[in-house]
Amino acid sequence: MARSASHDKRLVAVFDAIRVCEQRTVPVIDWTRFYGEEVGVSAPSYVGPVAIHEFEGRGLGLIATCKISPGEVVLIEDSFGLSSTPNGPIQKAKTELVEACCNKLGSVDTPLLYKATFWCLHSEDEETRWEGWKQTSFRKSVLHKYFDHLNSAESANGTYNGLEQPPPDWGKSKKSVASVVSLNSRKTERWNPWTLLLDESKSLGGLWLAASLFNHSCLGNIVVSYGAGKDHSTLVARAAAPIEKGEELLHTYVYPFDTFRERQSKLQSIYGFYCHCCRCTIEAPHASLASRLADDLELELQKFSAARGGAKSKMVEVVKGMGSALASIEKAEESLPADLRKVWRSQFLWGDHGLAMAAQEAGLFPEAVHAFRTCASLVALAAPSSEYELKYSMMLAQCMARWTLSTPQVSPRPDLKEALREAEEAHNRLYGGGGRHFVVRMKKRLEEIYAALRRLQ
Ligand SMILES: [Zn+2]
């Protein structure tokens, strides 16, 4: 049968994509033990279907070399340097991290490839780069070599690529090291599976060479989690949403539910750039309105804090006040084009969270379930597969369970099973694997839900 040329071309493209994807061997890891309470099992380094790409005006970044599904691992990498004091003040963590990186760069035990890769990262002080390192093509070739090394079982050999002579002083000055650290450091994060809150007590500042290439977007498509090693921290990046071939891999550097102005101010003060991502483009023209509505909502939230532990009637009043502040936000939302509404609305997710908590405390379960559902749907849109999605999907399931357990006559909630399944899927995408892994990590959180499910049978 004759085939058109374009059909053949399409087939070639399909086979190319399959070939690229087949080359990957994703390591098999016991994720329950990897995310263990203390020092977890280690994981081999790995780079998924990604390539280094130069973006005009933004420098180097990473793109997908084939379609990537949510939950798929795109990077596993050990830290290059770590701060030493858990949960220290930001300035102290930075000083310690700069010290750790200087030591690593000055050590004869550190492979030249690692040192060369460090100097290929974005720097606040581009002028002090060595001559060769000023060329993007050279930096790209070093980074390629480092990526290949991450996927090979062998340790890095002594070479780093290209240049005849290595620069004489790899450690350079503390100031130059600090210029790289400043733009590329991250904080390790651990989410307490019981409280579903960020546990800052063990957080450290760290630098991961390959992960430093993920650029920022307020609508990121990758999520990052950490496993604790003995003297390092292992970063695991997974796809948060479907990523098309050629699409850039983007990570959200700041809290995704701050208002447009709050996000911009944090990005400018910490990373020194103004965000032009698709979400910011949508939200920028309505920034004043959003800030005013956020201030009104904040006032209602303060009333919630004051009413906690007091009379139930007082809490019912609080729920009414929050409900009307959120109604004003929804009214403003109606004036926006339909396709922008939900993204814009996600700036106020913390208000729905407050309403859900207040309604739950007042025993107003239908209102609480509705508000948690709003949180879960907004988070799935603005920060898919994140810790926040897991948190709100678990809170929704738990609220449904409490509603069931608090009603003397069983009120059938068939949607509880569905909510639990959604929470497990969110866990699966973020922490690799549901099933036993989910049950082990969520232990206590599941007790009420299981009790409610038994009552439904
Ligand atoms: Zn943005």
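Here is a friendly chat about a predicted model of a protein.

Biologist: How many helices and strands does the protein have?

Modeller: Let's start with the overall make-up of this predicted model. Its chain holds 457 residues, and 41% of them are buried. Counting the regular elements gives 16 helices and 13 strands.

Biologist: Which helix gives the largest share of the largest nonpolar core?

Modeller: That core has 118 residues, and among the members touching the most others are Cys101, Ile222, Phe372 and Leu396. The largest share of the core is eleven residues, and they come from one helix, spanning residues 387-406. That is helix H14.

Biologist: Which residues is Phe372 in contact with, leaving aside its neighbours within four places in sequence?

Modeller: Phe372 is one of the core residues that touch the most other members. A contact here needs C-beta atoms within 7 Å. With the sequence neighbours set aside, the partners of Phe372 are Ala356, Tyr392, Met395, Leu396 and Cys399.

Biologist: Which strands are the edge strands of the open sheet of four strands?

Modeller: The order in this sheet is S1-S4-S12-S11, with antiparallel pairing. An edge strand pairs on one side only, and that fits residues 46-47 and residues 222-228. Those are strands S1 and S11.

Biologist: Which residue in S12 stands opposite Leu75?

Modeller: Look at strand S4, residues 73-78, and strand S12, residues 233-239. The two run antiparallel and are joined by five bridges. Opposite Leu75, in S12, stands Ala237.

Biologist: What percentage of contacts between residues at least 6 apart in sequence join residues at least 24 apart?

Modeller: Set aside the pairs that are not at least 6 apart in sequence. Of the contacts that remain, the share joining residues at least 24 apart is 70%.

Definitions and conventions: Residues are numbered from 1 along each chain as its sequence is written. This is a predicted model: local features need pLDDT of at least 70, side-chain atom pairs count only at pLDDT 80 or more; totals for chains, interfaces and linings use all residues. A nonpolar core is a set of buried Ala, Val, Leu, Ile, Met, Phe, Trp, Tyr and Cys residues joined through C-beta atoms within 7 Å. A residue is buried if 20 or more other C-beta atoms lie within 10 Å of its own, exposed if 12 or fewer, and partly exposed in between; C-beta atoms are placed from the backbone. Two residues are in contact if their C-beta atoms, placed from the backbone, lie within 7 Å. Two strands pair if DSSP finds at least two bridges between them.
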